[in-house]
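Work through the following exercises with the sequence and the model at hand. Each one sets a task and then gives a solution in steps.

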Amino acid sequence: MHSLQCVLQVQRSLRWGPMASVSWLSLRMCMAHSSLSSTTCPNPERQEDGARKDFSSRLATGPTLQYFLRSASAPQEKLSSEVEDPPPYLMMDELLGRQRKVYLETYGCQMNVNDTEIAWSILQKSGYLRTSNLQEADVILLVTCSIREKAEQTIWNRLHQLKALKTRRLRSRVPLRIGILGCMAERLKEEILNREKMVDVLAGPDAYRDLPRLLAVAESGQQAANVLLSLDETYADVMPVQTSPSATSAFVSIMRGCDNMCTYCIVPFTRGRERSRPVASILEEVRKLSEQGLKEVTLLGQNVNSFRDSSEVQFNSAVSTNLSRGFTANCKTKQGGLRFAHLLDQVSRVDPEMRIRFTSPHPKDFPDEVLQLIHERDNICKQIHLPAQSGSSRVLEAMRRGYSREAYVALVHHIRESIPGVSLSSDFIAGFCGETEEDHVQTVSLLREVQYNMGFLFAYSMRQKTRAYHRLKDDVPEEVKLRRLEELITVFREEATKANQTAVGCTQLVLVEGLSKRSAADLCGRNDGNLKVIFPDAEMEDVSNPGLRVRAQPGDYVLVQITSAGSQTLKGHVLCRTTLKDSSAYC
Ligand code: 5AD
Ligand code: SF4
């Protein structure tokens, strides 16, 4: 039986909406966990007994409520070089990983991929090892997603498989510990611990620094959770560990959270308030990646173009914020700070041979200075993700997106005039609350009108806590949602094929990623618009070394003549190896 040892309601820095009352930090005593051992003890049972008694007595004389309140209100960011003091109920060496092997599994968006690297960076510093073999793991951590019901169902199913693994675990080995990290931990909190007794650790998106402590508590048979949201955590000083050392590109997190509160979206509740990472620390990370030879960086955040670094006081004078024309913001507009155009400018100057992308932006934050910069700078990709969500002004209003169909279309025209040849992509939701057939037809017509190069299309999934959950009715039947989604996918594919076919006959700059998955005779890379380009692996000239014949390697820029195009891929043949600077004049 689980007996609750200590649950504290700690309202830390979050003073916003319903989350303020549910931020909590808990340590739970789990008497049911029956085997604990360490690598040095041949009798795990006896050691667990001892460890549990020892731990319980330390807990009894351990932290007071004041201790947690003190630490909850202390500033969160620490320098990576600072040594953490252990909490009073843990010995210093219990915070160390002692070569335990961690298996990390990532679900959901790119933000979660980046969070996985942050979590791993923190654990690595604590002495954990990483394994890609589930069977040899001592700790399994799932970095989870809550954006749609289906994403959560996948995790519940996975937990059932892991339960079997945990039960089958040999008693001679260290007990397997399982942790849920990220959005699902934040959204469901205690429910996960109650529903799945074999989950040992819960860590919300702002609690990864606490992982060594949470795992130390779990070591002694307790469940441990930290789902506090923060106003200022950006993990600015945590250098994510690149999982694939041969990678050509990396994601750099520039901000976290979202203040937009679109009525369908759980993100503001799971990832908290919008906060930006200081420009200086972003530039430092980009410089390091450039020194490692990476050729592409994608600036990452829930709302990248709302970026606002207010950490440098001299830039905090009240400069008014320019929104895209015809757009409004759901939240109070903030003033001052270093904005996205400044960041993009600085990042693109680090290495002229490094491509810069960003995702995901909100259409409301595309002032002319951002568009101008994308147009002017050779190494900023001419590719913009412009999530529309719906083509019906009525639905857009119900979603509280802050724009009408007309304002969105005007922005698309303005972007196309400002950045000739720009590639556009979008997100759409089919079957949102109250969506009629006429609204759906409007979305189909927007897809035809804009002719996106890429699209991400979803059926609406009602999420608790959102405004839509409280105020609107999820009244579009499931089969209608799916039928509308199918229609959107068909139309998107037709239009994307047409849009991509305009590239046939052109020469495009491609950053080589490696062998094509379909054939070892072909290579695969991405064009400026982020479309996949496949071409035969052949010898070619190197423009920097005339006369030299070379074969393309991952990380090389090559010019490819496009010969055919589908909705998701281009095909062509390679002309020469080049540099980003030398290739700026091509069609
Ligand atoms: N149901 C379906 N799709 C959603 N998205 C966000 N919330 C939901 C939801 N409740 C989609 C939006 C967003 C993308 C990341 O996920 O299109 O842009
Ligand atoms: Fe969700 Fe809207 Fe924020 Fe995107 S902008 S994360 S859809 S609330």
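Helices and strands are here runs assigned by DSSP (H or I over at least four residues for a helix, E over at least two for a strand), numbered from the N terminus. The model is predicted, so that local features need pLDDT of at least 70 and side-chain atom pairs count only at pLDDT 80 or more, while totals for chains, interfaces and linings use all residues. Residues are numbered from 1 along each chain as its sequence is written, chains are lettered from A and ligands numbered from 1 in the order in which they are written, and side-chain values use heavy atoms, with hydrogens and water left out.

**Exercise 1. Salt bridges**

Task: Locate the salt bridge of Lys498 and Glu495 in the chain, and describe how each partner is covered.

Solution. Begin with the criterion: a salt bridge is a side-chain nitrogen of Lys or Arg within 4 Å of a carboxyl oxygen of Asp or Glu. For Lys498 and Glu495 the closest N and O atoms are 3.0 Å apart. Both residues belong to helix α16 (residues 478-501), where they are 3 residues apart, about one turn of the helix. Next, apply the classes of relative accessible area, in which buried means under 20%, exposed over 50% and partly exposed in between (1.4 Å probe, protein chains only). Lys498 counts as partly exposed because its relative accessibility is 44%, whereas Glu495, with a relative accessible area of 3%, is buried.

Task: Find which elements hold the partners of the salt bridges Asp345 with Arg377 and Arg526 with Glu513.

Solution. Asp345 and Arg377 have their closest N and O atoms 2.9 Å apart. This pair links distant parts of the chain, since Asp345 sits in helix α10 (residues 340-350) and Arg377 in the loop between α11 and β16 (383-385), 32 residues apart. Both Asp345 and Arg377 are buried. The side chains of Arg526 and Glu513 meet at 3.4 Å, N to O. Arg526 is part of strand β20 (residues 522-526) and Glu513 of strand β19 (residues 507-515), so this salt bridge ties together parts that are 13 residues apart in sequence. Arg526 is partly exposed at 23% relative accessibility, and Glu513 is likewise partly exposed, at 34%.

Task: State how many salt bridges the whole structure holds.

Solution. A search of the whole structure finds 41. Among the residues linked in a network of salt bridges are Asp115, Asp206 and Arg256.

**Exercise 2. Backbone geometry**

Task: Identify where Tyr235 and Arg400 lie and what is notable in the phi of each.

Solution. As background, most residues other than glycine have a negative phi, and most peptide bonds are trans. Tyr235, which is not a glycine, has a positive phi of about 55°, and this residue is found in the loop between β8 (223-226) and β9 (249-253). Tyr235 counts as buried, because its relative accessibility is 1%. Arg400 also has a positive phi, near 55°, and lies in the loop between α12 (393-399) and α13 (405-418). Arg400 is partly exposed, with a relative accessible area of 35%.

Task: Follow strand β15 to the peptide bond that joins Thr359 and Ser360.

Solution. Strand β15 (residues 355-359) is mostly covered, with 4 of its 5 residues buried. Strand β12 (residues 296-300) pairs with β15 in the parallel sense over 5 bridges, where pairing requires that DSSP find at least two bridges between the strands. Leu300 stands opposite Thr359 in β15. The peptide bond between Thr359 and Ser360 is cis, with omega about 0°, and Ser360 lies in the loop between β15 and α11 (368-376).

**Exercise 3. Ligand 1**

Task: Determine which protein atoms come close to the nitrogen and oxygen atoms of ligand 1.

Solution. Use the cut-off for a polar contact, a pair of N or O atoms within 3.5 Å; within protein, one must be able to donate a hydrogen and the other to accept it, and residues adjacent in sequence count only if both atoms are side-chain atoms. A polar side-chain atom of Arg148 lies 3.1 Å from a nitrogen atom of ligand 1. For Tyr264, a backbone N or O atom lies 3.1 Å from a nitrogen atom of the ligand. In the side chain of Gln389, an N or O atom is 2.7 Å from an oxygen atom of ligand 1.
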